[in-house]
Each structure stands twice: as C-alpha cells, then as structure tokens.
Amino acid sequence: MLDPQIIFAGVLNGLLAGGIYVLVAVGLTLIYGVLHIINFAHGSLLMLAMYAVFWLWRLVGVDPYVALPLVTAGAFVFGFVLYRLVIGRFSHGRDENILLITLGLSIVIDNAALLFFGGDTQTIDVPYAGSFVELGAAFLPLPKLISFGASLLICVVLGLYMAKSDTGKAIRAVAKERQGARLVGIDVDNIFAISYGIGIACLGAAACLLMPTYYVTPTSGHAFVLVAFTIVVLGGMGSFIGAAVGGFIIGITEALGGLLLGEQLGQIGISLIFILILLLKPTGLFGSKA
Amino acid sequence: MNRQALFCALGLAAAVIYPLLVPNYLVNVGMMVFFAAFIGQSWNIAGGFAGQTSFGHVVFFGTGAYTSTILQVTYGWNPWLAWPAAMLAGGIVGWVIAFLSFRAGLRGSYFALITLAFAEVFRILANSVPVTRGGLGMLIKADPRPINFQFKDPIWIYYIALALCVISLLIAWRLTRNRFGARLVAIRENEDAARALGIDVFAEKVKVLTLSGAMCAAGGTFYAQKYLYIDPNIAFGVDKSVEMLLVSMVGGAGTIFGPLIGSVTLTVINEVTRAAASVVPALKNVQPLSLVVYGIMLVLIVARLPDGLMGLFRRKPRHA
Amino acid sequence: MKKQNNNSVSRRDFVAGTTALAGSLAFPAILGAQPAAVKVGMIHPVTGFVAYNGQQSRLGGTMAVEDVNKAGGIKSMGGAKLEALLGDSQSKVEVGVAEVEKMNEQGVAAYIGCFQSPVGIAASQAASKYNTPFLIDVGASDLIVNRGLKNVFRLKPGFGVCVDDGIATLGAINKAAGGVAKSAVIVHESGEFGTGTAKLLQDKLPSIGIEAKELIAHDNPTRNFDNIALRIRSLAPDIVMMSNYGNEYMLLARTLYQQKVNVAGFYSILGGGFNYKFVKEMPDVSQYMMDVNHWFNPKSEKAQALKKRVEATGALFTFEVYLTYTNVMLLADSLERAGSAEKAKLTDALASSTFKAELMPYGPTKFVNGQNQGGKPGVMQSLKGDIEVIAPAEFASAKAVFPKPKL
C-alpha cells in the first residue's frame with residue numbers, strides 16, 4: 001500500500017477527481033460569496049443538468065462534450081430565472097429564509113425528477129470511455145483527463161471574466177460590500193440573479209464532464225454537494241481561487257485517505273480536514289473575513 | 001397573559017384526551033408530532049433563541065440513541081437508567097463541539113457547517129467501530145414491559161412524547177423569562193454588542209449547546225426505545241438534522257411554540273399528501289407527487305410567512 | 001376509559017363485530033353477496049434514494065394481486081378478492097411504522113414489505129403488536145428473523161444461505177478450472193448487508209482454498225472507484241467479489257473494466273446491479289461476471305410469461321418484482337388453506353405452509369423461526385449479452401465460463 005508508485009497513481013487519480021469537485025465547488029462558493037446563502041438546491045440542480053446531458057445524448061445523439069456550451073448556457077438561464085422567479089422573490093431578503101426555500105426547492109426538484117424520469121439509473125456510453133493513458137501504475141481514463149483539463153480551462157475563463165469584465169467587477173463589488181455597491185448604482189438584485197445563474201452554469205459544465213464516467217438518478221447530485229461544502233470551506237467561503245485549489249486538495253486527500261485508511265475510513269479524512277480547517281483557520285486558505 | 005395560560009391549559013387537556021378518542025395510528029401520528037416538536041425545540045434553543053444555527057444537530061440525537069442502546073444491549077443496563085446517561089453523553093458532545101467551535105471563533109454559516117461535519121464524522125465512526133456493531137446496526141430485544149422502557153399500548157409512548165414536549169416548552173418558556181435567555185437573545189441579535197455589555201458570550205454559547213445537546217440526546221433514546229433498532233444512518237443521517245431545523249424555522253425560530261406549530265403543520269401536510277397519493281391506484285407511481293406538493297407548500301409557507309407560522313400570532317405593534 | 005390490552009378484542013372491534021353479526025343475522029340475504037376483500041398492506045420506499053427498487057417491488061406486488069383476483073380470488077373464502085393498500089415508507093423507519101399503524105386501522109390481514117432491512121425490522125416489530133403476519137419480501141439482514149417474533153416470515157433466503165451456496169458453487173467452478181483462483185478481494189457496501197456478507201465470505205472462503213486478501217468497504221453513494229481499482233490492481237487477486245447496491249456495483253464494474261484490471265473472474269454475492277439493464281447496456285463490462293442472487297427459475301413457463309408481461313410495460317424484470325410477486329402468491333396460498341383472514345389462522349397457515357413457488361428455483365416453503373428453509377439463490381453469469389443461470393444444476397441454462405479471458 002505504501003508503494004510509491006501506488007501513491008503517485010493515487011495522487012493523479014485524486015487530481016482528476018478534483019476536476020469535477022472544483023466546478024461544483026466554484027458554483028457554490030460564488031453563490032455563497034455574493035448572496036451569502038448556502039444553496040441547498042445545488043445537488044438537485046446538478047442532477048437536473050445531468051439529466052439534460054443524458055436526454056440530449058439519448059434522444060438527439062449529442063456527445064456530452066459537444067453539448068457542454070449548450071448545457072452550460074441553458075443552466076445559466078435556468079439558474080437566473082429560478083432566482084428571479086422564486087428564490088429572490090420569496091426570500092424577503094432574509095438569509096434563513098433563502099435556506100429554507102432552497103431546501104424546499106430541492107425537495108420539489110428531486111421528486112419531480114423521480115416522477116417524470118423514473119427512478120432507474122441512467123448511464124451514457126461514449127466510444128472513448130474505455131481509452132486511457134498509462135503513467136506508471138496509474139491508468140488515467142480519457143474522460144477524466146478531459147474533465148480535468150476542461151475544468152481548469154473553465155476556471156481560468158471564469159476567473160478572467162470576474163477580474164476583467166464589468167459584470168465580473170460588479171459581482172465582486174456586491175460580494176464585498178452590498179450596500180456600497182447599491183449606492184454606486186449597481187443593480188444588486190440583477191447581480192444576485194446573474195451570480196446564481198453562473199453558479200448553476202458551473203453545474204451544467206460539471207454535468208457534461210461527469211456523465212461519461214458516472215450515472216444519473218434523481219438523487220445522484222447530492223454526493224457531490226457534500227464534498228463541495230468541504231471544499232468551499234477549505235478554500236474560503238466566497239473565494240474563487242480557494243474553491244479551485246481546495247477542490248484538488250480534497251481530491252488528493254480522498255484518494256490518499258482511501259488508499260491508506262480504506263475507502264470508508266478515508267471519507268473521514270475529508271470531514272476531519274473540514275473540521276480542522278474550521279477550527280484552525282476558519283477563513284480557509286484564501287478567504288477573507290470569518 | 002391569562003388568555004395565554006388558558007389556551008395552554010386547554011391545549012394540554014386536548015392533547016391528553018386525544019389518544020383516548022382516536023384510533024391507534026392517529027395516536028402514533030400524535031406521538032410523532034410531539035417527538036418532532038421536542039427535538040425541534042432542542043434545536044430551537046440553540047438555533048432560534050441563541051441564533052446558533054446548526055446543520056448537524058443529529059449528532060446529539062445519535063449520541064443519545066447509541067449511548068443508551070449500547071449500555072442496554074451490551075452492558076445490560078436498565079434503559080431508564082441509561083436514559084440520563086445518554087443525556088449526559090449528549091451534553092458532553094454539545095460541550096465539546098461548542099468549546100472547539102466557539103474557541104475558534106466560528107459563527108453563522110461556519111458554525112452550521114462544522115456541526116454538519118461533526119455529524120458526518122460520527123456517522124462514519126459509528127459505521128466502523130465494533131462497539132456499535134457498525135453497519136449491522138443494533139437491535140433492542142422486544143420485551144414490552146414498562147420496566148424495559150417499552151410499552152404494549154401506544155398510548156404510553158404518546159404520553160411520554162407529550163411530556164417531553166411539554167418539558168421542552170417549559171424550558172423555552174423559562175428562557176423567555178430568565179437572564180440566561182435574555183443573554184442568549186442579546187447574543188443572537190448582536191454578538192459584539194452583547195460582549196460589549198459584559199456578557200461572557202463564549203460561556204453562554206457553550207452552555208446553550210450543552211443544554212441543547214442533552215435534550216436532543218434524550219430524544220435519541222426515546223426513538224431507540226420506540227423502534228427498537230438503530231444503525232449509523234438512522235442515528236446520524238442528515239434527515240433528522242433537516243427535520244429539526246425545518247419544524248423550528250417553519251413554525252417560528254426563537255419562539256416557544258414555533259417547533260410545535262411547525263411540527264403539527266409539516267406532519268399534517270406530510271400525512272395528507274401521502275394519504276392522497278395512496279388513493280391513486282398502483283402502477284402509475286404518483287407517490288413522488290405527494291413530496292412535490294410537500295416541497296411547494298414549504299416554499300409557500302416560507303414565502304408568505306417570513307417569520308414562520310408564529311408570525312401569524314404576533315400582535316400588531318401599536319403605533320404611537 | 002382505559003385502553004384494552006391489545007391482545008384482547010378492543011371495544012371498537014367488539015362493537016363492530018357484534019353489529020356485523022347482528023346485521024348478518026337480521027339480513028341473511030347479505031350472506032350471499034360478494035365476500036369482503038382481504039386487505040394486504042404493501043409498504044415500500046417508492047420515494048427517496050432507493051425509489052426504483054421500491055417501485056419495482058410495488059409493481060410485482062400489484063401484478064400478483066391482479067392475477068390472484070383474475071383467477072377467482074381466494075376460493076375457500078367464497079372468492080374473496082385481494083385488495084392492495086399501498087404505502088410509501090419514504091426510506092424512513094418512522095414512516096414505515098406509521099404506515100403499519102394506519103393500515104392496521106384499515107383492517108389489513110397481512111403486510112408485505114419493506115425492501116430496506118431497518119424499515120422491515122421496525123415495521124414487522126410494530127405489526128407484531130397486532131399479531132398481523134408480516135412477509136418480508138426483500139431485506140437481507142438476519143436480524144429480521146432472529147427476534148423470536150411469530151408474525152415475521154421471510155420467503156427469500158438470508159445472506160447466510162446465499163453465501164453458503166455461493167461458496168459451494170464457486171468451489172465447484174474453481175475446481176473444474178483446475179484451482180486457478182487462490183485469492184480474492186471483497187468489495188462491499190458499508191451497511192449491514194454488505195458488511196455481514198463480507199464477513200461471512202471472509203470466514204468461509206478458506207474452505208474452498210481461497211484467501212480473502214482484503215475487505216474494502218465503501219459508502220453509499222460512492223463518487224468514484226478509481227482508488228479502489230488501484231488498490232485491487234496492486235493486490236492482484238484472482239477473484240473480485242462484490243456485495244453492494246445497484247449503482248455502486250455498476251460503477252465499480254465499469255471502473256475496473258476501463259482501468260483494465262485483470263482478474264480470473266468476478267463473483268458477487270447479492271450484487272445489486274446485476275440485472276438485464278446492466279447486461280444489455282454494458283455488454284463488454286458485464287461479460288463473464290457472475291452473481292449469486294435471488295433469481296427466477298428460467299425453466300418455469302410462468303416466470304418467462306411474467307417476464308414478458310413486465311417488459312411489455314417498459315419495466316425491467318428485476319428481483320424485487322418477482323420476489324414481491326411470489327410473496328403475494330404465498331399469502332394467497334396460505335389464505336386458501338386457512339379459509340379465513342383471521343390472524344391466528346393465517347399465521348398458522350403460513351408457519352405450516354409448504355408452498356411451491358412456481359416462479360422461483362425453490363423447494364417447498366418450510367418456515368423455521370420465520371425463515372424459509374426452502375429458499376435458494378441462483379448463480380448467474382452474463383454471457384453474450386444475456387443472463388444465464390449456471391447453478392443450481394436443475395435450473396441451469398448454461399455452463400459457467402471460468403476463468404474469463406484477459407482484457
């Protein structure tokens with residue numbers, strides 16, 4: 001088990017797994033950083049995006065990677081509209097209420113999916129799913145390499161957008177100082193909706209990258225959200241870079257923990273890291289204020 | 001003032017007479033309502049009164065359930081004696097989590113998330129260590145005699161749940177009248193100002209989590225004695241945390257009757273939607289529809305009543 | 001008014017009973033009318049994480065009720081029809097128990113449920129208060145039948161029997177292949193079913209000359225199996241054995257295939273994902289995998305006919321369907337023999353039943369402490385895009401292929 005070859009392979013596996021985690025976490029941290037809410041509906045929305053990818057593949061024959069721009073855009077619109085029509089409108093600006101609303105939404109979405117799509121597990125089969133790259137003891141499946149690369153690319157693009165574009169700057173302004181932003185004339189509600197939309201768009205991208213190697217059921221999104229919470233806290237709530245770096249750290253921890261402690265106890269590693277970060281450096285690696 | 005007391009007395013009388021008039025399954029539903037109100041209140045004391053929202057309250061529930069069950073099944077303790085031991089364990093866990101978290105200065109969402117992480121750690125541990133029998137779960141031998149904290153007639157479990165709920169209401173009521181409660185509210189409203197007023201914020205928060213933990217653990221034992229089987233998912237699964245949070249917030253966090261009202265409302269909605277779905281014949285699985293309706297109702301209640309259902313009963317402020 | 005001891009007739013029952021008696025005496029013509037339906041409570045998780053399995057169970061149960069009624073109902077009770085009362089346990093113990101209580105109020109004669117062992121344990125415990133028979137259709141934990149409850153009946157074999165039969169067959173297959181398999185790695189879900197099965201396997205494998213190198217537990221759900229695949233590869237076992245639920249089974253199999261982990265064979269005990277969908281959608285991954293599981297008798301015409309009927313509705317013929325179906329048939333048979341839905345009589349009829357399940361590769365039922373001794377798992381292998389039964393011999397439809405060719 002302590003064979004360095006295996007450890008190295010485990011680290012690589014962890015990095016690749018981290019690719020997906022990063023996308024899910026980035027969306028979550030963005031939503032938290034700007035709206036200050038913990039989006040309980042994150043898992044359900046990921047599931048919906050995954051179904052979208054599945055149906056596009058099954059009914060129209062679109063390859064998930066080709067569908068990526070479409071699904072991401074669609075997810076953005078869905079998130080934006082969902083915020084405008086439901087979350088923003090019903091929460092009366094209260095944080096606790098948004099929490100409950102997103103919780104209620106997740107119940108509705110999960111069960112609507114169950115009702116309309118049925119409970120069966122659905123998978124997609126792409127011809128290159130069996131291809132892999134061999135590196136020492138590591139067998140790296142091609143889809144996972146693609147998701148790693150795509151995820152990095154998306155993070156860079158998103159990071160540039162946030163840094164350079166007007167909307168991006170407005171988003172960061174609202175995240176830092178809501179009232180001040182309002183005072184300088186930024187349409188804060190619109191920014192909220194856009195931020196939520198971007199957060200869900202990340203889920204859309206994650207879904208496309210996930211489907212070639214995973215599966216979808218009405219409850220399959222939740223497993224990724226739990227780990228996304230850990231990453232968001234690890235990286236610093238609201239910190240974009242933190243989510244990116246944290247995602248990879250968690251991926252590697254998960255892999256090494258699984259190899260060294262056994263897969264089940266390895267999962268404890270994630271929760272323990274979570275706790276330790278919170279106790280020792282609650283702002284996370286890159287966060288600002290607690 | 002007197003009107004309130006009258007309502008309470010009438011309510012209590014109705015609750016006492018209720019199981020004598022209705023069939024068993026409704027007695028059972030009543031028991032579930034009071035039980036949910038009880039553990040919801042344990043959350044409410046920390047989350048509603050003191051403003052320390054937790055997402056992992058089930059950690060106390062599971063601690064209580066496993067403590068009393070292990071003592072009973074493995075060490076032969078009488079469950080009535082194991083019950084206070086379970087409460088003690090819950091209080092200790094509450095104390096530890098509070099001490100660690102508040103020492104580190106965690107607040108708000110950070111605190112909420114760390115409680116979630118603790119619950120998850122406990123769940124995985126419960127699944128891995130031999131003393132809990134891991135994933136196999138623990139079975140309490142069915143021997144329905146009062147001395148075993150098991151009852152043949154559901155009316156007794158109902159009364160115990162009712163008693164627990166009443167005790168929790170009294171605790172909450174005390175908190176609205178005594179200094180400890182006042183300090184908690186001050187902390188909730190503005191922690192820094194409270195500190196400036198000379199309140200030992202850290203100590204009070206640790207105290208309230210300890211109390212909350214002990215109460216919730218009591219609920220864990222009760223649950224184990226009613227259903228006679230626990231496993232790591234039942235004891236530490238996230239569902240219970242959500243339930244405790246939900247009944248309090250829907251009913252009105254920080255109010256005395258919030259958890260009770262929330263529990264009644266949500267249970268009624270759940271029962272009605274589930275029953276309605278059962279009426280529709282088999283092969284078309286419309287059961288999920290009942291949960292869709294449940295979720296929609298939840299969203300609507302929160303949308304219309306931002307202060308929870310108790311907001312309906314708030315007296316309108318008199319304008320000068 | 002004090003509540004009566006639940007063993008005796010409650011005041012409500014007494015009043016209801018005497019009224020009915022008076023009514024039937026006063027109006028003898030009513031006796032000739034359609035006899036009251038026998039209510040059967042079916043409690044399954046049709047929402048939540050295992051909604052698919054719950055819905056499949058319900059499908060089998062309702063189809064069976066239809067069939068019994070079409071064939072004339074319970075003849076010894078004057079052609080009384082079965083009526084299914086459907087309950088959702090929502091995967092929660094307390095909801096399952098609440099359904100038990102509710103259905104008791106509606107006068108069920110028996111319960112069938114609950115797919116998940118914890119719910120089944122608690123629900124059957126609740127039903128025992130009323131002495132109502134509870135048929136466990138799916139639920140692997142042996143805790144279910146070891147409680148000394150007279151009202152619990154489990155038709156399907158427990159995992160002890162599945163492990164024993166599985167080991168015996170594996171031993172035979174290995175022997176026929178010249179003893180190539182000497183080591184195994186067991187991957188199991190971390191709940192009671194996976195853990196229990198894995199421990200039993202670990203103890204019994206040495207008896208057929210195989211050493212269990214490692215037991216790897218995983219959570220439900222598991223996000224990826226890459227590291228487990230890595231570990232398996234480094235351990236280089238001859239056989240990989242799995243005991244887990246559908247999604248993890250499928251994901252693990254696919255990961256091992258994609259990562260080209262070479263083994264002599266896959267041999268799962270109660271592998272949750274081994275079904276027609278898996279085999280048809282992933283023929284390369286599933287090829288040559290073997291599973292010890294609850295299976296129907298491929299040589300039974302009734303089973304094949306039911307399979308066609310289920311597939312015609314667009315559903316899969318999974319084990320939940322035919323297990324719940326068979327449980328309804330067992331119940332109908334016992335009602336027939338008891339001639340009444342009265343609880344004590346029905347319980348006795350079940351306890352003494354020698355029902356021959358036409359759909360299943362079982363012997364006649366024989367309940368000892370609630371566990372049917374006549375139940376047997378089948379051992380199946382995925383061959384050429386289809387599922388063949390390779391053991392027991394009298395039900396087999398093909399010969400086992402072992403070891404499997406390298407990837």
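Guide: Quick vocabulary first: helices (H or I, at least four residues) and strands (E, at least two) are DSSP runs, numbered from the N terminus. This is a predicted model, where local features need pLDDT of at least 70 and side-chain atom pairs count only at pLDDT 80 or more, while totals for chains, interfaces and linings use all residues. Residues are numbered from 1 along each chain as its sequence is written, and chains are lettered from A and ligands numbered from 1 in the order in which they are written.

Visitor: Okay, where is C:Thr169 found?

Guide: Look in helix H5 of chain C, residues 159-176.

Visitor: Why does C:Thr169 count as buried?

Guide: A residue is buried if 20 or more other C-beta atoms, placed from the backbone, lie within 10 Å of its own (exposed if 12 or fewer, partly exposed in between). C:Thr169 has 22 such neighbours, so it counts as buried.

Visitor: And what does C:Thr169 touch?

Guide: Leaving out residues up to four places away in sequence, C:Thr169 touches C:Val379 and C:Ala391. Touching, or contact, takes C-beta atoms, placed from the backbone, within 7 Å. C:Ala391 is 222 residues away along the chain, yet the two C-alpha atoms are separated by 7.1 Å.

Visitor: What makes chain C as compact as a globular protein of that length?

Guide: The radius of gyration is taken over C-alpha atoms, and the globule rule is 2.2 Å times the number of residues to the power 0.38. For 407 residues the rule gives 22 Å, and chain C comes out close at 23 Å, so the label fits. Buried residues make up 60% of chain C, too.

Definitions and conventions:
Two residues are in contact if their C-beta atoms, placed from the backbone, lie within 7 Å.
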